[in-house]
Amino acid sequence: MAILIRSWKGSFVGVAHNPSKPHKAFVGAHPGLARIAKLCFFMIRLENVSKMYGSDLPAVRDASFDVAKGDFVFLVGPSGSGKSTLLRLMNRQERPERGNVWVAGRNINEMANSQIPYLRRTMGNVFQDYKLLPNKTVFENVAFALEVIGKPKHIIGQQVPQVLDLVGLSGKEDRFPHQLSGGEQQRVSIARAFVNRPLILLADEPTGNLDPATGEGIMALLDAINRTGTTIVMATHDHRVVNAMRRRVIQLDRGVIVRDQERGVYE
Amino acid sequence: MIQRISYAFRETIASFRRNMTLSVAAVITSAVSLLLVGTTFLIQRAFDNLLVQWRGDVGMIVFVRPDASADALAFIKQNLESQPNVIDVKKLTYLDKAKSFEEAKRVFAGDPTTLSLLSIETIPSQFKVVPKTTDPTLVRSLADQYRTLPGVTGVSLAEDEFDVISTLSSFVRTVTIGMSLVLLAVAVILIWNTIRTAIFARRREIEVMKLVGATDWFIRIPFIMEGLIQGLAGALVSCGGLWGLNRAWTSGVAGFKAGTGVSSLVVPSGYVSGVMVALLIIGAVAGGVGSGVASSKFLDV
C-alpha cells in the first residue's frame, strides 16, 4: 500500500511505502518540510522523556517514539515497567522531568492548565477497572462524558444510542453497572471513551480483569474502533491478545524501551 | 448555557441531600453565629440611642425653656463661659430647638406617646457641657447653681443617667463581637469541611469528569454553590431569629414606664432590615469563601 504525497502546489513530492511512516517520503525533499510533515502525521511523539517518582526511582527513562495517526500500539512489559506512566504522560495526568510529549502537533508540556480539558476531549481513556459510576445507568454513564463538556441534549440523545449500538449494548441502556458482566462493563467504558469520537484512545490493561474469550471480544471492538481511524495506544501484559493482533509492540523494562517492533509478538 | 446552569443546580441539590447531616450542621452553626452578629448590631444601636444625648464626653446638659428670651439665653451662655476652669469652653455647644427635636426622635424612639407631646415649638433647647474637671462634686455644685438661673428648666448630669450603662455597653459589645467572630470562623470551617466531604464522596465522578475533559470551573461551581447556599440558608434562619428577637424586645420595652430611659432602647425597623441584608451578605460570602477554598484545594485528582 503506497501513498502518493503531493506538495500544496500539486507537484509530486514522494511516495510513502509504509503507511505508518508517511513522512519519510519528505525526507529527501526538504528538512524543514519533513519536520512539519512529521508533526502532521504523528498523533503522539515522545522526545527523550524521563519521569521520576520520588527522588531516584525513574518510572520512565529517556523514552522516544512516534505513534502515527491511525496506528495501533501495544505497550508491553511486566508490572512496574512504566507502561501506565507512559499513558499518563500522554494525557498529562503526569508531567515529565525531562523531554517533550507532543500530541496532535502540540507540545502538551507547554500547554497552560486551562487548555488541558480541551486536550483531553481529543482522547478517550479505558481502564482495567472500568471506572464506571455505580449510581448511573449505562446510558447515563456514556451521556455523562458528553454532558460535562457541555454538549447539547439532542446531540447526546443521538450519539449515545449510536455508540452503544457500536459496542453491542443496545437494549441494556437502563441497566446499572452492577447488573452487567465484566465484559459488558468494559464495553460501556469503551463507549464512554469513544462517544466523543476522539483522535486517540488510551487503554490501560483493558482485558486485565476479563477471561480470555471476553477479552477477545473487547480486542475485536478496539480493532473496529482503530479501523475508523482512531489511534490506539494500549498497555497490557496479556500475551494472548498481543500475539493474536500482530500490531506494533513497544516493550518496556524498568522504564526503558528495549524493543519497538512492527507486527510484533509479546515474547 | 441553560443546560450547564441546570446541571450545576441539579448537582448542588443532589449533593446537599447526600450530605444532609453535615449540611444541616453547617447551616445551624452559621445561623447561630450570624444571629449573634446581628444581635451585636442591635444592642449597639440600642445603646447608641440611649447615649446619643451624651456623645462626645458631654457631662452635663442645661435645658433652656422653649420660650426663653434671647437675653436669657445670652445670660446662661455667659454664665457657662465664666467657668473656664471647670467647663471646657471650646467644646460648649448649643442645640437649638430644631436640633433638639431631631435628637429627641432617637431618644424617644420606643416611646411614641412622649414623642407625640413634643414639637419644635415646645421642646427645650439645650447647652451641652463638657466638664474639664474629673471631680464630680464640683460639677454637681455647678449644676445646682445653673438650675436657679432664669430660663433654665433643668440640668441633667451624665453620671446620674448613664455611667453604668456606658460601661455595660462596651463590655457587652466586646463579648458579643468576640463570640460572633469565633462562631463565624467555626461556620466557615464547618462549611469547608462539608464541601471537602462532598468532594470526597464524589471523587470517582470527578476523576472521570477530568479525564473526559470537563473544565475545572465546571467541576467546581456546584460545590461553591453548595457552600454559598449553606451560608445563605444560615443567614436566612438568623434573619428570622433576629426579627423575632427584636419583636419580643420592642414589646418588652413598651411595658416600661415612659421616661425611664429604657424606652429609648428600641431599634427602628429600618435599621433591623439593614442588619438583615448585611447578615445575608456575610452569610453568602462566608459560605462562598469556605467552599471556594475547599474546592480549589481538594479538586486535584
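**Exercise 1. Work out which way the residues of strand 8 of chain A point, and whether they are buried or exposed.**

Start with the directions: M123(A), N125(A) and F127(A) point one way from strand 8 of chain A, while G124(A) and V126(A) point the other way. That fits a general pattern: in a regular strand, side chains alternate between the two faces of the sheet.

Next, burial. All of these residues are buried, where buried takes 20 or more other C-beta atoms within 10 Å of a residue's own, exposed takes 12 or fewer, partly exposed is in between, and C-beta atoms are placed from the backbone. Five of the five residues of strand 8 of chain A are buried, so this strand is largely enclosed by the rest of the structure.

A quick word on what you're looking at. This is a predicted model, in which local features need pLDDT of at least 70 and side-chain atom pairs count only at pLDDT 80 or more, while totals for chains, interfaces and linings use all residues. Residues are numbered from 1 along each chain as its sequence is written, and chains are lettered from A and ligands numbered from 1 in the order in which they are written.

**Exercise 2. Place strand 8 in its sheet in chain A.**

Helices (H or I, at least four residues) and strands (E, at least two) are DSSP runs, numbered from the N terminus. Two strands pair if DSSP finds at least two bridges between them.

- Order: the open sheet has six strands, running 8-9-10-5-11-12 in chain A, with mixed pairing.
- Edges: strand 8 (123-127) and strand 12 (256-261) of chain A each pair on one side only.
- Twist: from one strand to the next, the average is 15 degrees.
- Strands 8 and 9 of chain A: they run parallel, joined by five bridges, and G124(A) has L201(A) as its bridge partner.
- Strands 5 (72-76) and 10 (231-236) of chain A: five bridges join this parallel pair too, with F74(A) partnered by M234(A).

**Exercise 3. Find which strands helix 7 and helix 8 of chain A lie across.**

Angles run from 0 to 180 degrees between N-to-C directions, with axes as lines fitted to C-alpha atoms, for helices over the stretch in contact. Helix 7 (182-194) of chain A lies across strands 8 and 9, at about 165 degrees to strand 8. Helix 8 (212-227) of chain A lies across strands 5, 9 and 10, at about 150 degrees to strand 10.

**Exercise 4. Trace the largest nonpolar core.**

A nonpolar core is a set of buried Ala, Val, Leu, Ile, Met, Phe, Trp, Tyr and Cys residues joined through C-beta atoms within 7 Å. The largest has 118 residues, and V233(A) and L75(A) are among those with the most contacts inside it.

Now zoom in on V233(A). Leaving aside neighbours within four places in sequence, its contacts (C-beta atoms, placed from the backbone, within 7 Å) include I44(A), L75(A) and M90(A). A second, separate core of 16 residues includes M60(B) and V152(B).

**Exercise 5. Describe the other open sheet, with the order 4-3-6-7 in chain A.**

This sheet has four strands and antiparallel pairing. Its edges are strand 4 (57-68) and strand 7 (106-107) of chain A. Strand 6 (98-103) of chain A pairs with strand 7 over two bridges, and W102(A) stands opposite N107(A).

**Exercise 6. Say how many residues each chain gives to the contact.**

Chain A gives 15 residues and chain B gives 14. On the chain A side, helix 4 (116-120) and helix 5 (138-147) are the elements giving two or more residues.

Key. Two residues are in contact if their C-beta atoms, placed from the backbone, lie within 7 Å.
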